[in-house]
Amino acid sequence: MSNSEKEKNEVQSLKEKLFYQRKHAAMRLSEEELQACQEFCEEYKFFMNTAKTEREINTFMTDFLQKQGYQPFHSGMTLHAGDKVYLNNRGKSVIMATIGKKDIREGVRICAAHIDSPRLDLKQHPLYESQEMAYFKTHYYGGIKKYQWTTVPLSLHGVIIRKDGSTLTVRIGEEEGDPIFYITDLLPHLADEQMRRSAPQIIKGEELNLVIGSMPFKAEKGNDLVKLAVMKLLNEKYNITEEDFLSAELEAVPAYPAKDVGFDRSFIGAYGHDDKVCAYPAFRASLDVPTPEHTSVIVLTDKEETGSDGNTGLKSSYLKYFLYDLAECFGANGRTVISASKCLSADVNAGFDPTFPDVLEKNNCAYLNHGVCVTKFTGARGKSGTSDASAEFAGEIRKILDENHVIWQTGELGRVDLGGGGTVAAYIANLNIDTIDIGVPVLSMHAPYELVAKTDIWAAYRAFKVFLES
Ligand code: MN
Ligand code: MN
């Protein structure tokens, strides 16, 4: 070996020893694990096509948990290691817990994810007719690029509480043979003026009107006959009148099913990966750790996309009350239990998109197929709004993930001062709980159809599982 070759080898081995190495998950996963990843993703797609909104996910999960022998939680229960309980918060949030072997005073292991996703909510007086077409007015929910939500098939989900107090559950546009709903956009031929609007205004909020019908009630004369025909149809089918929309929560979401993307099927495209792609793996991880050391608590919450306010969002006290009540079941002080607890705030992060490389800083962003992304801090403009996990807790999580060969990376949401975003981490950390964000990198976040890599979903599942086992 020549001197220059020797030097080259030395540099190479020193770099391998001292530098942080990035590696694609495919280079690191065994054949068995890749197979397990595929199977897990099939189940994830089934879930995505079955439950699209926070209410549907709540129903899906509570039904499943009941069948698995989980008991509805109430204060004062007698509980032992391995016992399983769940709490249904108003049909929109769920907590599931498995009692651990250790004393509850040693704290619990929490995974928190949100199950609401950006969408179009119907207004309280949604129904109107214009030029013999019937529409629903909407008010968008969460941060969206409004123009993306036109000309895509939309389904309608939610509930209507009738005048007599009875509940009508709505899910139209998901089954084969169902009609879907639609928001129009201008043809390019006539869009010159529209295309000169700024991007947030290309489609304005009040232009997100859902087309729902065009056949009039047959009459010699009269106005609003299409509206009347639609209302008659809804009355006959669902026993509702227009007034019943006053006490309804109806959500228009993309009617697309989740599908594999790419010749190699390495991605999944779906509506609402944010944040079902963290919620589902956390839910599954908890099921797969039947007798944990520390009591495991999975919180699947609502309202993250509008800032976590409201009694089903994580700014509310429902998690705190649950933990207090749980502590009391063991004669423990809630404060003691909460302060000793640790939490993974499971939420997606922006993945690096080679088509739009400038918005992220290449050394500090998440890449698809490089594992679950641990985000030490979120926030914007000088980290404002972040709970910023401590180095100690980051170190603890790093150790757990590395020792269990979980593929993970770190990432920051956007380059400094470009934008940013928050998660539920701060609200849990504010309870005096060690909390760090972790989740799957996503492309086209908050679009009607988002993209994630399968190996990252698998890495998320493994991360939650080893954390719950710790
Ligand atoms: Mn989001
Ligand atoms: Mn999210």
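## The metal pair

D274 bridges two manganese ions, ligand 1 and ligand 2, which lie 3.5 Å apart. The model is predicted. The manganese ion (ligand 1) is coordinated by D274 (OD), by E305 through OE, listed twice, and by H446 (NE2). These contacts run from 2.0 to 2.7 Å. In sequence, the donor residues of ligand 1 follow the spacing D-x30-E-x140-H. D274 lies in helix α5, while E305 lies in the loop between β14 (296–301) and α6 (318–329), so the pair ties together parts that are 31 residues apart in sequence. Both D274 and E305 are buried.

The manganese ion (ligand 2) has protein donors H114 (NE2), D274 (OD) and D347 (OD). They lie 2.0 to 2.1 Å from the ion. Their spacing in sequence is H-x159-D-x72-D. Helix α5 (residues 273–287) holds D274, and the loop between β15 (342–346) and β16 (349–350) holds D347, so this pair ties together parts that are 73 residues apart in sequence. D274 has a relative accessible area of 2% and is buried. D347 also counts as buried, at 8% relative accessibility.

## Nonpolar cores

The largest nonpolar core has 61 residues. Within this core, L401 and F464 have the most contacts. Helix α10 (residues 454–469) gives the largest share, 10 residues.

F464 touches C111, C278, P281, A282, A285, L344, A346 and I438, leaving aside residues up to four places away in sequence. A second, separate core has 33 residues. Among them are L127, W149, L156 and I183.

## Two domains

The domain assignment splits the protein chain into two parts. Domain 1 covers 22–117 + 271–469, and domain 2 covers 119–254. Taken over C-alpha atoms, their centres are separated by 33 Å.

How many residues of domain 1 are in contact with domain 2? The contact involves 18 residues of domain 1 and 16 residues of domain 2. The size of an interface is often given as the accessible area lost when the parts come together. Here the area buried between domain 1 and domain 2 is about 1,500 Å². Carbon and sulfur atoms give 46% of that area. Across this interface there are 5 salt bridges. E54 forms a salt bridge with R119, with the closest N and O atoms 3.0 Å apart.

How values were computed. Residues numbered from 1 in each chain as written. Chains lettered and ligands numbered in written order. Predicted model: local features only at pLDDT ≥ 70, side-chain atom pairs only at ≥ 80, totals over all residues. Heavy atoms only, no water. Donors = N, O, S within 2.8 Å, 3.2 Å for Na, K, Ca; no water. Helix = DSSP H or I, 4+ residues; strand = E, 2+ residues; numbered from the N terminus. Buried < 20%, exposed > 50% of the residue type's maximum accessible area, 1.4 Å probe, protein only. Core = buried A, V, L, I, M, F, W, Y, C linked by side-chain atoms within 4.5 Å. Contact = heavy atoms within 4.5 Å. Domains from an automatic or database assignment. Buried area = accessible area lost by both parts, 1.4 Å probe. Salt bridge = Lys/Arg side-chain N within 4 Å of Asp/Glu carboxyl O.
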